[in-house]
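Okay, thanks for coming, everyone. I'd like to walk you through one model today, starting from a small spot in a loop and working outwards. Have a look at it first.

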Amino acid sequence: MAIVYSSLVYLGYILIFPGFLFCFVAGMLITGIDRKIVAKMQKRVGPPILQPMYDFFKLMGKETIIPAAANKTVFLAAPIVGLAAMVVIQLFIPVISTPILYGTADLIVILYLLLIPALAEIYGGSASGSPYAGVGLSREMVTIIACELPLVLIFLSVAKTVGNAMGTGLCFSLSDIAAYQAANGSLMLKASMIPAAIAMLLVIPGETGNHPFDAAEAETEICEGMLAEYSGAPLGIYKLTHAIKTFTLTALFVALFLGGIGTGIVLLDALIEFAICVVLTIIFISLVHAVTARLKIEQLFKYYWTAVSAIALISLVLAWFGM
Amino acid sequence: MTNLLSYTHFPVYSIMVLFLGAFLVVIAGKSKALRHIFAICAVTASLACLIALIKPVMIDGEVIAYWMGAREPAGGYAIGIALEVDALSLFFGLLIATAVFVSCCYSITYMRFDENVSQYYTLFLMLSGGVIGLVLSGDLFNMFIMVEILTFAAVALTAFRNKAHGALEAAFKYLVVGCIGSTCILAGTIMLYAQARTLNFAQLSAFIPGNFNTSTIIAFALLYIGFSTKAFIVPFHPLAADAHGAAPASISVLISGVLTKSGIYGIIRLTYFLFQSMALGKMQFLLVFIGSVSMFVCVTMALAQHDFKRLLAFHSISQIGYVLTACGLCTALGISAGLYHAMNHTLFKGLLFLAAGAVLQQTGTTDLNKLGGLSKRMPHTTVLFLIGAFSISGIPPFNGFASKWMVYQATYQKAVESGNIGFLFATIIALITSVLTLASFVKVSQSVFFGQLPEEYKDVKEVPFGMRFAMGIFAVLCIVTGLFRELVTHYLTEPAARAVFDVGKYINSMLGDGYASAVMGANAPVRTEVVFDMAGTWQPIHWLLLLCILLLAITLVALLGRYDTVSENKAALAEGKFDIFFGGEESVPSQVGGGDLFWGFKHNWRHYFSFMHDLHSGIVNDYALWAIVALALAMLYMLIVL
């Protein structure tokens, strides 16, 4: 009986909170808010906030066309794998400072899991056989490489700072990072971590592929790149994955740098987390989106490997000397 | 000792059967079936002998000291030929025997169109016997002999398809630099013999640490460079690319999975046992530095390649860089991580080379700019290739992730413990190299297996079952070693790591209890208790379970939604509904060459790439010069440091 109960709870975690359903709602709402805010900034009316949800359900009911040149299995499996990996990441990110499912989630594992949704999109596009997808996946891969260096530096400096305080020297465990912040206040309040936090905020739009870092999709130029051949339900799942990714990355930021502010009540924390994520999205994704033009891929790469990495490196050096 | 079936005889059997097989293959002459039977029997017997040793050596922690012809040491000097098998030797022996076994299975179908196949098997078995002999050998001179056997067998096999473009050139380069390496090993051996009057590893390990002088240190440098050429680490990496590009795929598996391992084994034996120098920060720095440079230089070189096999060759050295970096840390976690990665490297790299061989056999080319879209024609090869590609890029839950994760932990832990910021750079380089590796394999997948199918490959067929079977063995091992990390570390890498830190036992098992403390006095190596604590935990089973449930749930959702497709009926095909979208234009092949996929990255690094391009001239004189310069630098460095 106990086994049945615990597996039901487990299933509940995966499917409802903080798993699939929670990600779905949060991601869709954030995307909707983002679209509305950008429209307002550009003096348009904009779609209703629930528009991404309508889009998703509509796409689920549409016909799925598989190009004759495509590798059917990879073409159809890729979006599902990407979505699954995206939700798995969410399961391991503590809600502000309360880890839900496992206490052992690890920063390096997160770093690698973040690659999987992008990789799924790359392989899906690759399998479609479209030359637009070929260009798109090339740019997507370069974007991944570009964001990887600052992310690595940020994660290492967090690991070092928390490790210093805990006496172990380094700490890659997300739950330990959460516990440290719950006891000692947010990492954001430490002077040495402020550059890392700023760098992380600059990385988020690149990771999610938002304007001006959307060279990989570039509708006006290469017809959405990797998504050029997608239609119907698989396209809907990709859109959903993108939406969840925005939420996941902002939630990761909250878990890494704003951990100390939770109340300890999980559902309330989830609401606070969501609110912070919305604010972060508005400032660092929507605002940037509304006022910039798309960068070329080599400019994007240069930006992340020089400016953003340098900011993150400051934190790492400060953390290294124990500040 | 009289019982010939006792496991103490197994090490020598595992070497003997391979050499015996080599001669039997010649005797078999023109009979194809007999030839295959001899070859397969030899490699299977060798593998079985080594697997039987897991129980006594890995689990019970025994060190098998074996004197050929029972000529045991007399008068304090070890004159006889010795084999000594500790957990480290056995670990490498098992890797090698596995790779040899799979490669032999693959060869049977892969080499069926070639001429002179009996010579191929003779050389193949000589090479395998040489490498297994090298890792199980208990004295330095026999190690040199085995190095010679394997080098010449490998050179001949590189040029085996000597009608192919570049094969003889590659073999010649390999011969020249390989000979420089072998000569270094011989010279080092002679110098040590002159000093210590013995060639036995155990005796040398007891003698050298108390007797560092100019001669022994120069011998150290010579041996180090000698084994570096076998491992192809920087600055010997260009040879690997040429050799892999020309050799048959089954031989590439041996060169990358077996020969490089013998070099790494030699370096570990040299630094941890013979000279016991790894406690010195400067020696750790040397290995970690060379390892990190190999990692990074070779991965960027790989990004610039447009030939499938050359690209894989550079990745091979890049991954060896991880192994060397981790082994250079001199911590239990580091050694464990390095050995784990060495094992994974053999598995995934073997798989990738075999996939490249399959593509070469079916299409006749490995040029990334010409290939494309093979996934519809060769679906099984594609899946197997993807498993290899995900493993080498370290995507969880495949094996590359488990070991790379340990490498990151180990380097960062070392950085924090020693307070040395250099190790921090090693961590960062390792992480960046990993994502560049991923990029490189995305490039290969896109330009060989996905993307558009060129007209001339419309009728390509899947490779025969024999080749897929051999690739399948590697693929299954890649997944198993990724998922059951704890079994691998418990039964394979941790015993081997313990052996590395237990030099005293190695000496005493060979020369009798108390020998080490009698000769070395207070300097006798003390067994250090090896602790494997890690800063986090990686539990692939949990993750896999989770992923499965999610896949199930989402598939269900997808099935309830319209995740189905309208069947491709003729009318729809005719009106172009299922064609690739071109915005109404005529369909054209992509203008982006497969070899140049990541121009956004390359553009920013153009100065670096053009510098590298000029440096790697392809002229053997230059590479020989590099070898000499590296030798001089190594001597200088070690004379200053030790």
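So, let's begin at R197(B), which sits in the loop between helix 7 (167-196) and helix 8 (201-207) of chain B. Before I go on: this is a predicted model, so please hear everything I say in that light. The backbone at R197(B) caught my eye, with phi near 55°, a positive value in a residue that isn't glycine. Is R197(B) buried or exposed? Its C-beta has 10 others within 10 Å, so R197(B) counts as exposed.

Now move along the chain to another loop. F232(B) is in the loop between helix 9 and helix 10 of chain B. Here again we have a non-glycine residue with positive phi, near 60° for F232(B). The surroundings are another story: F232(B) has 30 C-beta neighbours inside 10 Å, and therefore it counts as buried. The cut-off for that is 20 or more, by the way.

Stay in that loop for a second. P235(B) is also placed between helix 9 (214-231) and helix 10 (237-246) of chain B. And the peptide bond leading into P235(B) from V234(B) is cis, with omega near 5°. So if you're clicking through the backbone, that's a loop to stop at.

Let's zoom out to chain B as a whole. What is it built from? DSSP gives 26 helices and two strands. Of the 642 residues in chain B, 59% are buried. As for contacts, if you take the ones in chain B with a separation of 6 or more, residues 24 or more positions apart account for 80% of them.

One helix I'd like to single out is helix 18 of chain B, residues 465-483. Does the length add up, or what should we expect from 19 residues? At 1.5 Å a residue they should span 27 Å, and the end C-alpha atoms are 26 Å apart, so the two agree. Helix 18 of chain B has a good list of buried residues, including M467(B), M471(B), F474(B), L477(B) and T481(B). R468(B) is on that buried list too.

What does helix 18 pack against? One partner is helix 15 of chain B, residues 379-393, with the axes 10 Å apart and an angle of about 35°. The crossing of these two helices is left-handed. On the helix 15 side of chain B, the contact is made by H380(B), L384(B), I387(B), G388(B) and S391(B). Facing them from helix 18 of chain B are R468(B), M471(B), G472(B), A475(B), C478(B), I479(B) and G482(B). By type, the residues of this contact split into six nonpolar, five polar and one charged.

Towards the other end of the numbering, there's L633(B) in helix 26 (residues 620-641) of chain B. L633(B) has 13 other C-beta atoms within 10 Å, which means it is partly exposed. In sequence L633(B) and T271(B) are 362 residues apart, yet C-alpha to C-alpha they are 17 Å apart in space.

On to chain A. Here we get twelve helices and zero strands. Chain A has 323 residues, and a compact globule with that many would have a radius of gyration near 20 Å; chain A has 20 Å, so that agrees. If you box up its C-alpha atoms along the principal axes, you get roughly 60 × 55 × 40 Å. In chain A, 64% of the residues are buried. Of the contacts in chain A between residues at least 6 apart in sequence, 81% join residues at least 24 apart.

Just one residue from chain A today: V266(A), in helix 11 (residues 266-291). With 15 other C-beta atoms within 10 Å, V266(A) is partly exposed. V266(A) and L83(A) are 183 residues apart in sequence and 24 Å apart in space, C-alpha to C-alpha.

Last stop, the place where the chains meet. How many residues does each chain put in? The contact takes 65 from chain B and 65 from chain A. On the chain B side, the elements giving two or more residues are helix 16 (399-418), helix 17 (421-449), helix 22 (540-560) and helix 24 (599-604). Helix 17 of chain B provides the largest share of that side, twelve residues. And the side of chain B that touches chain A divides into 39 nonpolar, 19 polar and seven charged residues.

That's my tour. Happy to take questions.

Note on methods. Residues are numbered from 1 along each chain as its sequence is written. Chains are lettered from A and ligands numbered from 1 in the order in which they are written. This is a predicted model: local features need pLDDT of at least 70, side-chain atom pairs count only at pLDDT 80 or more; totals for chains, interfaces and linings use all residues. Helices (H or I, at least four residues) and strands (E, at least two) are DSSP runs, numbered from the N terminus. The expected span of a helix is 1.5 Å times one less than its number of residues. A residue is buried if 20 or more other C-beta atoms lie within 10 Å of its own, exposed if 12 or fewer, and partly exposed in between; C-beta atoms are placed from the backbone. Two residues are in contact if their C-beta atoms, placed from the backbone, lie within 7 Å. Ala, Val, Leu, Ile, Met, Phe, Trp, Tyr, Cys and Pro count as nonpolar, Asp, Glu, Lys and Arg as charged, and the others, Gly among them, as polar. The radius of gyration is taken over C-alpha atoms; the globule rule is 2.2 Å times the number of residues to the power 0.38. Axes are lines fitted to C-alpha atoms, for helices over the stretch in contact, and angles run from 0 to 180 degrees between N-to-C directions. A crossing is left-handed if the near helix is turned anticlockwise from the far one by less than a right angle, and right-handed if clockwise.
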